[in-house]
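Work through the exercises below with the sequence and the structure open. Try each task before reading its solution.

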Amino acid sequence: MARQPIRPATTHPKAPTGIHGLDTLTQGGFPAGRVTLLEGGAGVGKTVLALQSVAHAARELREPAIFVAFEETSARIQANAAGFTWFVPSLTRKQLFYLDAQPSVDLVQSGGFDLGGLLAALDTKIRQIRARRVIFDGVDQVLSSLADPLAERRELYRLHEWASARGLTTLLTAKNGVSEPTAQRAELLQFMADCVVSLEHAVIEGVSQRTLRVRKFRGSAFQENAAPYLIGAGGLEVAGVEESRVPARLASSERVSSGVPRLDTMLGGGFFRGAAILATGAPGTAKTTLGGAFAEAACERGDPTVYISFDSEAAEVVRNLESVGIRLRRHLGGRRRAGLLRMSYQRALVGSAETHLLQIQSLAREHAARCLIIDPLSALANVNDEGRVNSVARRLLHWAKSQNITLFCTSLLDVGAVESEGTPLHISTIADSWIHLSYVARNGERNRCLSIIKSRGTAHSNQVRELLLSRRGVTLTDPYAIGGEVLLGTMRWERERAAEALRQETEQAERLKQLKMQAEEAQLDAHIHALHSQLEAKRAELEFMKHAASARRDAAAAAQREAMNRRGADELKKDQRV
Amino acid sequence: MSSRRIKGSEAPPAAAFAFRLYITGSAPSSVLALGNLTELCRCHLGDRHRIEVVDLLEHPGRALADRVFMTPTLVKLAPPPELRIVGSLTDWLAVLARLGVRPAERS
């Protein structure tokens, strides 16, 4: 690397490859107008990578390209590439020109040769179609036929000089190896190229694992770590590339329902949108049911949702959830109409954790998912070495967060693991909400309990609740606490019944007492009424008596006056007059 | 056709050899091949041959049209079948064997 100049990262222009992840690794693409080597063993996807990048350039960037095939015939290469979605057969010969340069079978070689003829031919073609990119596919093949290390070096430099002088973005693909003379040739190629990308295909514990690494990049900074990649219908995709600049996103304060009303209450209104939720528990603690409830609520809200099941077929999950009143079938959509819910069954044993991650991501992208359920995430742990799986799980969470997708993962958890905070994938620390489901076995019963271990940014209940599954749905009930003991299941039910009977008895007694008192009150009322009447009578009598007395007095006075008149007596005093 | 005719009469004799040699200017292997071919023909084929030289630097279109990518390339046009030999033709015996020519005595 003595030739690597010390320069700022942005001096040299980049030629984008259009390959997801690779452009991030290389901070923009291959060096434009320079030579890049793609090396790796047979079948790692060197040709696919090269072809995919030039197809992208030809179509999207209007940069025509020439593909020089040293190894396979162009017809075969095109036939192989036809399976990829990006491969457009309609790319004209003016956009992508294939040049078959593989030696014919009856070719005889005697003595040294050079690639002058090829370069002359390319010059003509480049002028014709204004090509900006050239691929030399299987350059090691033609170099090895030179059968002379010195000649190899000379021809390689000829190629390099030719490409650099014309400012062509050049890709060389070559096999690498540790045995001579491949190793020597690989070293020479690595030294000469301005940028080297190594592809590797290993099988770890029976699981295929492909990794890609940028080994060198003259004049540019790049991410040096090996990144896993996948070859699917969409071509080559590089995973595990952390975007160095995560776009700033406002943390959502929108709440989304968990699908279980009382759980929402426990969480103070539900999960935050974009949160990562982890539901752990032993087998049979209704983790899938919680996931299903969440999915149903999401669909009813109108959120496109993806449900990834590792344990059982999608149809089975739907059927099983129907038994607890969670109806997902109507959200699935039919042949004609796409539904809000997309269910996918992935067998954990098929493919590596990386493969699953990429599949999950592309499915979510395709469906524009706002909610994602993975049941269970711990299935990934079965397939691969632990370190890698942890990183996959972590990346899944980060990715979902960056996409503002609300992620609901279930995970198998052994009894006692909660205390040690050890989820199999060590993701409990980065999950926003952690719900733990457990069994409480007592008095010959197992009852499901739900507790919220943590929930970032939301007030949440500290109480353990009993989770009840019935045909009508999922509910949480308050635990029956008595004398410092929490009762569950039938015990709770019996206690509740006894309490109910007692309550009813008390209620009746109270009612009786009330009635009695009402009767007494009525009695008193009547009494008061009677007394009132008596009083009225007395008052009337008194009035009458008063009246009678005065009348009597008047009559007596009149009589006296009459008598006095008759006797001719003195005039009456003023007050004696009527 | 601006290719140079090196050797051979206007009407070569029956069963004569017709060659076309593709070269790239004065590249060492091209120069070597031309020298080797001329000498080889003179020694072993006498007058029964004709050589056409195509310089691909002057006629780059020919490389594409004739599918010649490694230079020098010798094409035996006659007698049939057509045969291609790539390289500077340093191993005379091997070249002659491929051409089906028995080496002349005391060459």
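A residue is buried if 20 or more other C-beta atoms lie within 10 Å of its own, exposed if 12 or fewer, and partly exposed in between. The model used here is a predicted one.

**Exercise 1. Two residues with positive phi**

Task: Find where A:Gln27 is placed and where B:Leu89 is placed, then state whether A:Gln27 is buried, partly exposed or exposed, and do likewise for B:Leu89.

Solution.
Step 1. A:Gln27 has a phi near 55°, which is positive although the residue is not glycine. A:Gln27 sits in the loop between helix H1 (22–25) and strand E2 (30–31) of chain A.
Step 2. A:Gln27 has 16 C-beta neighbours inside 10 Å, so it counts as partly exposed.
Step 3. B:Leu89 also is a residue other than glycine with a positive phi, near 60°. Its loop runs between E5 and helix H3 (92–99) of chain B.
Step 4. Around B:Leu89 there are 24 other C-beta atoms within 10 Å, so this residue is buried.

**Exercise 2. The two sides of a helix**

Task: Which residues of helix H7 (residues 182–192) of chain A are buried, and why do they line one face of the helix?

Solution.
Step 1. The buried residues of H7(A) are A:Arg185, A:Ala186 and A:Leu189.
Step 2. Looking down the axis of H7(A), these buried residues fall within an arc of 100°, and therefore they line one face of the helix.
Step 3. The general rule is that an α-helix has 3.6 residues a turn, so residues three or four places apart point the same way.
Step 4. The face turned away from the buried side of H7(A) carries the exposed residues A:Ala183 and A:Glu187.
Step 5. The packing partners of the buried residues of H7(A) are strand E3 (35–40), helix H5 (139–144), helix H6 (149–166) and strand E8 (169–174) of chain A.

**Exercise 3. A sheet of nine strands**

Task: In what order do the nine strands of the open sheet in chain A stand, and which strands stand at its edges?

Solution.
Step 1. The order is E17-E16-E18-E19-E15-E20-E21-E22-E23, and the pairing is mixed.
Step 2. Strand E17 (341–345) and strand E23 (473–477) of chain A each have a single partner strand, so one side of each is left without a neighbour in the sheet; these two stand at the edges.
Step 3. On average, neighbouring strands of this sheet are turned by 20° against each other, direction ignored.
Step 4. Inside the order, strand E15 (residues 276–281) and strand E20 (residues 433–442) of chain A pair in the parallel sense over five bridges. In this pairing, A:Leu278 has A:Trp434 of E20(A) as its bridge partner.
Step 5. Helix H12 (residues 353–367) of chain A lies across strand E16 (305–309), E17 and strand E18 (371–375) of chain A, and runs at about 155° to E16(A).

**Exercise 4. Where the chains touch**

Task: How many residues of chain A are in contact with chain B, and which element of chain A gives the most to that side?

Solution.
Step 1. On chain A there are 19 residues in contact with 27 residues of chain B.
Step 2. Strand E6 (108–109) and helix H4 (116–129) of chain A are the elements that give two or more residues to this side. H4(A) gives the most, with eight residues.
Step 3. By type, the residues of this side of chain A are eight nonpolar, eight polar and three charged.
Step 4. E6(A) pairs with strand E5 (residues 83–86) of chain B in the parallel sense, over two bridges. A:Val108 has B:Ile85 as its bridge partner in E5(B).

**Exercise 5. Chain B and its confidence**

Task: What pattern does chain B follow along the sequence, where are B:Pro79 and B:Pro81 found, and over which residues does pLDDT stay under 50?

Solution.
Step 1. Chain B has three helices and five strands, in the pattern β-β-α-β-α-β-β-α.
Step 2. Of its 107 residues, 37% are buried.
Step 3. Cis peptide bonds join B:Ala78 to B:Pro79, with omega about -5°, and B:Pro80 to B:Pro81, with omega about 0°. B:Pro79 is in the loop between strand E4 (73–78) and E5 of chain B, and B:Pro81 lies in the loop between E4 and E5 of chain B.
Step 4. Chain B has a mean pLDDT of 80, and 82% of its residues reach 70 or more. Over residues 8–14 of chain B, pLDDT stays under 50.
Step 5. Where pLDDT is low, the predicted coordinates should not be read in detail.

Terms used: Residues are numbered from 1 along each chain as its sequence is written. Chains are lettered from A and ligands numbered from 1 in the order in which they are written. This is a predicted model: local features need pLDDT of at least 70, side-chain atom pairs count only at pLDDT 80 or more; totals for chains, interfaces and linings use all residues. Two residues are in contact if their C-beta atoms, placed from the backbone, lie within 7 Å. Helices (H or I, at least four residues) and strands (E, at least two) are DSSP runs, numbered from the N terminus. Ala, Val, Leu, Ile, Met, Phe, Trp, Tyr, Cys and Pro count as nonpolar, Asp, Glu, Lys and Arg as charged, and the others, Gly among them, as polar. Two strands pair if DSSP finds at least two bridges between them. The arc is that of the directions from the helix axis to the C-beta atoms. Axes are lines fitted to C-alpha atoms, for helices over the stretch in contact, and angles run from 0 to 180 degrees between N-to-C directions. pLDDT is the predictor's confidence in each residue, from 0 to 100.
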